[in-house]
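User: I would like a close look at a single part of this model. Please walk me through one sheet and whatever packs on it.

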Amino acid sequence: MKEQKRLTILCGHYGSGKTNVAVNLAYALKQQYERVTIADLDIVNPYFRTKDSSDDFAARGIGLICSEYANSNVDIPALPPEMYAVTDDTSLTVVLDIGGDDRGALALGRLAPKILEENDYAMLMVINRYRPLTPDAPSTYEVMQEIEQACGIRFTGLINNSNLGAETTAQHVLDSVAYAREVEALTGVPLVLTTVRQDLYAELEGKVPALFGLELQAKIGFSC
Amino acid sequence: MADKVLMKGNEAIAEAAILAGCRHYFGYPITPQTEIAAYMAKKMPKIGGCFLQAESEIAAINMVYGVSSTGKRVMTSSSSPGIALKSEGLSYLAGADLPAFIVNVQRGGPGLGGIQPSQSDYFQATRAGGHGDFRMIVLAPASVQEMADLTVKGFALADKYRMTAMVLADGTMGQMMEPVSLDFDIEPAPEKPWATTGTKLEREHNIVNSLFLAPEELEKFNFDRYERYKYIEENEAMYEEYLVDDADIVIAAFGIAARVSRSAVNEARKQGIKVGMIRPITLWPFPKAPFEKAAEHAKAFISVELSMGQMIEDVQLATKCKAPVTLCNRAGGMIPSPEQVLEAIKNAANGGAK
């Protein structure tokens with residue numbers, strides 16, 4: 001991404017890989033900025049949260065703003081009071097991990113007026129063509145419009161995170177480039193990153209636009 | 001569309017149900033299965049189907065009863081406490097010999113419990129789905145692919161035997177994402193001459209009912225139904241065996257517990273311990289045969305469960321007490337680690353199981 005904004009907001013269809021991208025972007029930003037924080041404003045997903053990596057964040061000196069109820073049995077769409085630091089403390093560099101779809105994006109709407117007023121943000125749509133409800137540009141566009149309507153902020157960039165989980169090959173990523181370009185053409189929102197698992201990076205370097213390698217965030221050891 | 005798609009387990013169930021010809025979904029939201037309803041809400045209106053969020057779980061299961069009476073493929077889904085609410089309806093479905101497809105994405109209990117994964121509805125699914133004498137076919141997926149496969153299978157079995165087929169998953173299975181192939185050969189639903197589709201004045205009325213005024217008649221229905229159950233027990237049990245042939249120790253585990261156990265089995269084998277696993281895929285009918293066979297050579301069995309020990313009773317019955325069966329478990333929304341299972345294996349290998 002050319003120009004780093006203070007706020008990097010990640011939205012998308014649920015299961016598109018927002019949380020994983022958010023964690024990895026925060027790691028990268030920490031290389032350049034002193035006060036980096038992840039704000040997990042997911043009010044939808046009960047499992048698989050940024051909180052899974054909280055020890056790792058602490059070790060790397062990355063802040064975490066997250067509902068204290070994430071990963072617990074308190075099944076309510078709670079937001080942490082610290083979320084206001086995202087807009088109030090402008091010394092922070094923040095990656096915002098927003099919940100899936102328009103329902104998740106509603107939470108972002110609460111911060112939208114201040115975000116728009118400050119105008120130092122990138123509003124990024126994470127897309128994955130291997131998700132069954134967003135296999136093509138029109139269906140992806142539909143989700144994007146629903147998210148924009150729910151939160152009141154327009155997208156400024158696309159992140160192509162097309163993957164098939166552990167079975168992702170370089171070919172899967174190459175096959176997704178045309179899809180990402182179609183979304184770009186249909187929406188007028190530019191493709192700013194193509195995110196891939198770190199071990200595919202070398203194979204894809206120079207072959208896909210704006211490549212960015214992800215260290216995967218694994219949850220529990222039953223992968224077989 | 002690509003060959004494989006990346007899906008949550010809950011989505012895989014929803015999509016597979018649609019592919020299997022289900023156009024009617026009734027439910028009430030509950031974590032951790034809400035994505036099934038969300039997926040249906042998005043998709044059903046686009047394909048001429050019906051998604052209806054009922055006013056309660058009880059209403060939803062009775063809507064299933066209504067649509068099934070007309071011969072259509074229909075489903076509902078919920079999680080543990082919600083399935084308990086549906087249990088009266090499950091009994092009525094059985095009493096009227098109606099096919100239905102039900103999903104339970106289990107969470108920790110009892111009571112309101114919690115939203116984290118559990119397998120503590122094994123008794124509920126295999127023993128006490130509701131009042132009266134009846135059974136449900138219970139299918140236990142251990143991957144997102146199997147969530148889809150067993151959904152397709154469940155609809156077919158339900159129609160074939162005119163009874164409820166339930167997918168018994170857990171929160172992890174519902175929430176985890178894996179690549180899935182949805183390339184199914186779907187057999188068309190069988191003819192349903194009993195369905196209430198309107199007589200057009202060309203035939204006698206069909207009546208779908210679970211009330212019998214004469215006890216002799218009700219008894220006959222029960223005996224006939226149990227003949228069918230006997231046939232199912234003899235013909236429909238499904239399981240997977242993993243390194244069982246030479247095993248001294250055999251693990252019994254289904255669903256997420258089987259995935260954790262497989263890691264532990266692999267590690268134990270590396271350490272020279274002869275251990276294998278039998279993974280029931282149908283919990284009812286319970287696959288007794290492989291356990292009986294394994295009991296000929298195994299010195300100990302370990303039942304690995306996300307409960308206080310429920311399937312262990314079926315393992316004990318199937319092995320006829322020829323070898324000790326111990327429990328390795330977590331409960332209340334916690335998952336056993338591969339290390340915990342490995343410890344249990346080592347303990348059994350050292351003669352710890354009595």
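Analyst: Here is a walk through the sheet of chain B, with a short look at chain A at the end. Keep in mind that this is a predicted model.

Start with the strands. Chain B has an open sheet built from seven strands. Their order is E3-E2-E4-E5-E7-E6-E12, and the pairing is mixed. At the edges sit strand E3 (50-53) and strand E12 (282-284) of chain B, and each of them pairs on one side only. On average, neighbouring strands of this sheet are turned by 20° against each other, direction ignored.

Now zoom in on one pair. Strand E5 of chain B covers residues 100-106, and strand E7 of chain B covers residues 164-170. These two strands run parallel, joined by seven bridges. Take B:Gln106: its bridge partner in E7(B) is B:Asp170.

Next come the helices. Helix H1 of chain B, residues 9-19, lies across strand E4 (74-78), E5 and E7 of chain B. Helix H1 runs at about 175° to E5(B). Helix H6 of chain B, residues 144-161, lies across E5, strand E6 (137-139) and E7 of chain B. The angle between H6 and E7(B) is about 160°.

Finally, chain A. This chain has eight helices and eight strands. Its radius of gyration is 16 Å, close to the 17 Å that the globule rule gives for 224 residues, so chain A is as compact as a globular protein of that length. Of the 224 residues of chain A, 45% count as buried. The C-alpha atoms of chain A fill a box of roughly 45 × 40 × 35 Å along the principal axes.

Terms used
Residues are numbered from 1 along each chain as its sequence is written. Chains are lettered from A and ligands numbered from 1 in the order in which they are written. This is a predicted model: local features need pLDDT of at least 70, side-chain atom pairs count only at pLDDT 80 or more; totals for chains, interfaces and linings use all residues. Two strands pair if DSSP finds at least two bridges between them. Helices (H or I, at least four residues) and strands (E, at least two) are DSSP runs, numbered from the N terminus. Axes are lines fitted to C-alpha atoms, for helices over the stretch in contact, and angles run from 0 to 180 degrees between N-to-C directions. Two residues are in contact if their C-beta atoms, placed from the backbone, lie within 7 Å. The radius of gyration is taken over C-alpha atoms; the globule rule is 2.2 Å times the number of residues to the power 0.38. A residue is buried if 20 or more other C-beta atoms lie within 10 Å of its own, exposed if 12 or fewer, and partly exposed in between; C-beta atoms are placed from the backbone.
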